[in-house]
Amino acid sequence: MSVRVAGVVSTNPGYLMNTVWDGGGKVVALGLVGRVPCLVTGNVRAGDMMVSAGDGSARAERNPKIGSVIGKALTDYPVNGKGMIEVVVGRF
């Protein structure tokens, strides 16, 4: 439930900004607004608020801290393992 997370790594960005960046480091397509696939851990129901699980995935959180919400689940993931679902990312 980190407040340092800002979006979801995108596998198929609709628009890719700053493709020519020479500031060093790794360039990652980051979904900040819109519908994106997201790796989740644990049971998720559509409408759940999603926060960082601390291992590169997201998890559902009933009472998230202010600034920790990554997005909102659009689909269910009724299994306790890891899997992909669609999440809407933006301002909540």
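Here is a short chat about salt bridges, burial and a surface patch in a predicted model.

User: Why is the contact between glutamate 86 and arginine 35 called a salt bridge?

Analyst: The N to O distance between their side chains is 2.6 Å. The cut-off is 4 Å between a Lys or Arg side-chain nitrogen and an Asp or Glu carboxyl oxygen, so the pair qualifies.

User: What makes that pair tie together parts that are apart in sequence?

Analyst: Glutamate 86 sits in strand β7 (residues 82-89) and arginine 35 in strand β3 (residues 34-41), so the linked parts are 51 residues apart in sequence.

User: How do you know whether arginine 35 is buried or exposed?

Analyst: Its relative accessible area is 59%. Exposed means over 50%, so the label for arginine 35 follows. Glutamate 86, at 29%, is partly exposed.

User: Why is glutamate 61 given the label it has for relative accessibility?

Analyst: Glutamate 61 comes in at 19%, and buried means under 20%, so buried it is. Arginine 59, with which glutamate 61 forms a salt bridge at 2.6 Å, has 26% and counts as partly exposed.

User: What makes valine 28 eligible for a nonpolar surface patch?

Analyst: Patch residues need over 30% relative accessible area and no salt bridge. Valine 28 has 43%, so it clears the area cut-off. Val28 makes the patch of about 480 Å² along with Val9, Leu30, Leu32 and Val33. As for its place, valine 28 is in the loop between β1 (8-9) and β2 (30-31).

Technical notes:
Residues are numbered from 1 along each chain as its sequence is written. This is a predicted model: local features need pLDDT of at least 70, side-chain atom pairs count only at pLDDT 80 or more; totals for chains, interfaces and linings use all residues. Side-chain values use heavy atoms; hydrogens and water are left out. Patches are made of residues with over 30% relative accessible area and no salt bridge: like charges are joined within 9 Å, nonpolar side chains (Val, Leu, Ile, Met, Phe, Trp, Tyr) within 5 Å. Accessible areas come from the Shrake-Rupley method with a 1.4 Å probe; for residues, only the protein chains shown count as cover. Helices (H or I, at least four residues) and strands (E, at least two) are DSSP runs, numbered from the N terminus. Buried means under 20% relative accessible area, exposed over 50%, partly exposed in between (1.4 Å probe, protein chains only).
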